[in-house]
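Let's work through a few short exercises with the structure open beside you. Try each task yourself before you read its solution.

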Amino acid sequence: MRLHEYQSKQRLAEFGVPVPHGEIAHTPKEAFYIANRQGGHVFIKAQVLAGERARSEGIKQAHTPEEAEYYTSVMLKNNIQGLPIHKVLVETTVNIAEELYIAIVNDRSSGQPVLVATATGGMHVEESAFADPDQVIKAYINPIIGLRSYQVMRIASELNLPRDLWRKFDTLVQAIYRCYVQSDATLVEINPLAITKTQQFMALDAKLIIDDNALFRHADLAAMRDTSTEDETMIRARNAKLSYIRLDGNIGCLVNGAGLAMATMDAIHFYGGKPANFLDIGGGAIAEKIQTATEIILSEPSVAVLLVNIFGGMTRCDEVAQGIITAYRNLKSAVPLIVRLQGTKSNEACEMLNQANLLRICTMNTLSQAVIQAIHEVQNVDFSS
Amino acid sequence: MSILVHKLTRVLVQGITGREGRFHTGQMLEYNTNIVAGVTPGRGGEWVHGKPVFDNVESAIEATGADVSVIFVPPSYAVDAIYEAADAGIKLIICITEGIPVFEMMQVRYYLKQIGSRLIGSNCPGILVPGQCSIGIIPWQIVQKGKIGVVSKSGALCYDVVNALSAHGLGQSTIVGIGGDPILGTNFVDVLEMFENDADTDHVVLLGEIGGSEEIEAAAYIKHYMTKPVTAFIAGKSAPQGTRMGHAGAIIEGGRGTAQEKIEALSDAGVRVADHYEQIVDIIRESK
C-alpha cells in the first residue's frame, strides 16, 4: 500500500527525519490561509498517488497567499494520470544548497534491504542512474543486525559530503532505516533530500510503500489508505479478500490462482481478445466468495462475456458452479458464460451448470477452446450493437 | 532417484491440528507419504490421522527421527515455526503459509543460509514425487510417474500443466512449487541445478511469472550449465506495470521484471518458451 507524500513525511518525522512545515488544504481558501500563516512563500503539491507530479503541473511555487489559492483551485480541478486531486500539501519553501537522493528498498535478488544513494537528487534521478550506474551508491543491509554506522559513513564519503556533516548524516539515515523497519515498508524514498543553506538535512519529497502482508500489525498505517479514488466495486472486492484489477477489455475473467489468472489473460491476448479484469478467487474458495466474485465482474458495464477458468485442486469445481449460478440468478444476468472447469468435482460442476437453465452457457474442455468461444461471443455482441 | 525428498523421507507437519494442516495431512497420507509426527504447541499427546502430536519440534524429532518439515501455520506464527524447525536441525523446511511479512522473510532467509537449512516457499504448494511422496498441497490425483521435472512459482497453473502432461503420457520425476512471494527460500536456479544432476529427469518444465529476476538468473544458469532441454512459460505478458497481480511477488516495478525481458533471456539460453501454457505439451511432444 502506497502512502501519500504528506503521510510519508508525517511518518518519517515521527522517527526524527526533518521535513518542511506543511499543512493539507482541501479548498483554495484553506490554501490561502495556510500560505498566509507561512508568509506567502509556499509550494503547492498535489496529493495524488502518481509519479512525475512536477511534469504534470502537480507542483507549483507560490509567492503570495493569492497565488497559493489560485494554484490550488486549478489543481483541484485537474487530474494526474487519470487520478483526481482531492487535496494539496501547502509547504514552506526551503533554501536549498544541495539535493541528494536516498532510498531503502527490498532487494529481491539478494533477499536483503539495500540503501541506495546518489549525489544528485531530483526529477531526473532515474534517467541519470540508468545512464551512469556508477553514480549510484549502494549498501546491502544485513536484515538481522541492521544498518551499521560504518556503512553510512562509507556512503557519506562516496557522496563527497562535507566531513562535519557525516555524524548528522548517520543520525538521519538511521532514522530512515528505523522508519523502514518499524513501518514494514518495502520502499522508503526521499527525493530530493536537501542540504539547506544552514547545513541541515531536510526531506523535500518522500514516498513510502507498506508491505500489504504486514498491514495486519499496523492499524495506524492501514487507516491511512486513501479510498477516495476507489469505487464501490473495488472496495467490495478488497473486503471479500478477492484480488481484483480492472483492465480495459470486455472479456470478464474468473480464475483460481494468480499465476493461472495471468496466464488466462495472456491466452485471451494471444487469440486477439482483451480481458476486462484480473481476478484471483484464491485457493479453496467457497460458493459464497465465488458468488461475490461473479457479481463483481457482471456488475462492470464493459463486460460482454464471462470466461471462467478453474483448475480445481484445493478449489472444488462444484462450489465454483454453485457460486456462479447463484450470482446469475440474483442479477438475472444475460451475459454469456463460457466455462472451463478441470480437476476436483469438475463433472458434478458441469452437470450443475447445464441443469441451471442459465441463458447462454457453454462448457469447454480446454482454455484455448474457451477463449476462442469467448472472443466469438464478444464479436457477436459488437455486431448487434 | 528424485530431488529434495523421496519415499523414505520422514515428514513432520507443523500446525497439524489446524483445519488446513489436518486436511492436507490426510491427503498426504493417502498418497503414502511417510508422515511420522505433527507439532502444535500446547497440543502434545493428541493424535491426528493416527500420527502423534508433539508440543515442539525438538521432541518430535527425538521421538520419530523426522527430517523434513512442512508448515501449515497462520502467517503471524509461521516465521516462528520456521526458526523452530531450523534450530532443531531440520535441513529442509517447506512453508505453505501465505502472507508472511517480507522483512521477516528476509531475516529468515539470511538466518537459514547461515545455519545451512533449506526453505521452500513461503506461499508455495510444496513438493511431490510421483509414486513416492507428496509434501504440501499439490493434488496427487493428477500426477504420473515419468521423466519431466517441473518447477513453478504458481500453484493452480502448475496443476493445470501437470494434469495436461499426465493426460498425454508425459510423466513427472519431481514437481517443486517454489512460491510466488518476493523473497523465496529456494529459487529456480537451485532447483534447475538439482534436476540437471538427477538421473531420473530428462526434461524440465519451468513456470515463471512477472516480477523479480529469478527467471533471468535461471536463463543465465541454463545457458552456461544445463545440458537437459527446458521448456518454459512466463505468466503475465499482458499485465500492466506497477500493479500487483495477486502474488505478492508478481509486480513489474520500474520497468523491471517484465514477461518480455524474461522470455527473451530464456529464449536466448535455448529454452523453448510457450506463447500460452497449453502449448507446453505440444512443444515437449514435438521434441520427442
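Here are the exercises, each with a worked solution.

**Ground rules**

This is a predicted model, in which local features need pLDDT of at least 70 and side-chain atom pairs count only at pLDDT 80 or more, while totals for chains, interfaces and linings use all residues. Residues are numbered from 1 along each chain as its sequence is written, chains are lettered from A and ligands numbered from 1 in the order in which they are written, and side-chain values use heavy atoms, leaving out hydrogens and water.

**Exercise 1. Describe the overall build of chain B.**

Step 1: Start with secondary structure. Chain B has 9 helices and 14 strands; helices (H or I, at least four residues) and strands (E, at least two) are DSSP runs, numbered from the N terminus.

Step 2: Check the compactness. The radius of gyration of chain B is 18 Å, close to the 19 Å of the globule rule for 288 residues, so chain B is as compact as a globular protein of that length. Here the radius is taken over C-alpha atoms, and the rule is 2.2 Å times the number of residues to the power 0.38.

Step 3: Add the dimensions. The C-alpha trace of chain B spans about 55 × 40 × 30 Å along its principal axes.

Step 4: Look at burial. In chain B, 62% of the 288 residues count as buried; buried means under 20% relative accessible area, exposed over 50% and partly exposed in between, with a 1.4 Å probe and protein chains only.

**Exercise 2. Do the same for chain A.**

Step 1: Chain A has 13 helices and 18 strands.

Step 2: Along the principal axes, its C-alpha atoms fill a box of roughly 80 × 50 × 40 Å.

Step 3: Of the 385 residues in chain A, 54% are buried.

Step 4: Take the contacts in chain A between residues at least 6 apart in sequence: 70% of them join residues at least 24 apart. Contact means heavy atoms within 4.5 Å.

**Exercise 3. Place R2(A) and find what surrounds it.**

Step 1: R2(A) sits in the segment before α1 (5-14) of chain A.

Step 2: With a relative accessible area of 29%, R2(A) is partly exposed.

Step 3: I210(A) is 208 residues away along the chain, yet the two C-alpha atoms are separated by 6.2 Å.

Step 4: Leaving aside neighbours within four places in sequence, R2(A) is in contact with L49(A), A50(A), G51(A), K207(A), L208(A) and I209(A).

**Exercise 4. Is G50(B) buried or exposed?**

Step 1: Locate G50(B) in the loop between β3 (47-48) and β4 (51-54) of chain B.

Step 2: Its relative accessible area is 54%, so G50(B) is exposed.

Step 3: From G50(B) to V36(B), 14 residues apart in sequence, the C-alpha distance is 9.6 Å.

**Exercise 5. Trace the largest nonpolar core.**

Step 1: A nonpolar core is a set of buried Ala, Val, Leu, Ile, Met, Phe, Trp, Tyr and Cys residues joined through side-chain atoms within 4.5 Å.

Step 2: The largest one has 107 residues, and those with the most contacts inside it include V70(B), F233(B) and Y277(B).

Step 3: Helix α9 (residues 258-270) of chain A supplies the largest share of this core, 8 residues.

Step 4: Zoom in on Y277(B). Beyond its neighbours within four places in sequence, its contacts include L260(A), A263(A), L157(B) and F233(B).

Step 5: A second, separate core of 71 residues includes L115(A), A185(A), A85(B) and A86(B).
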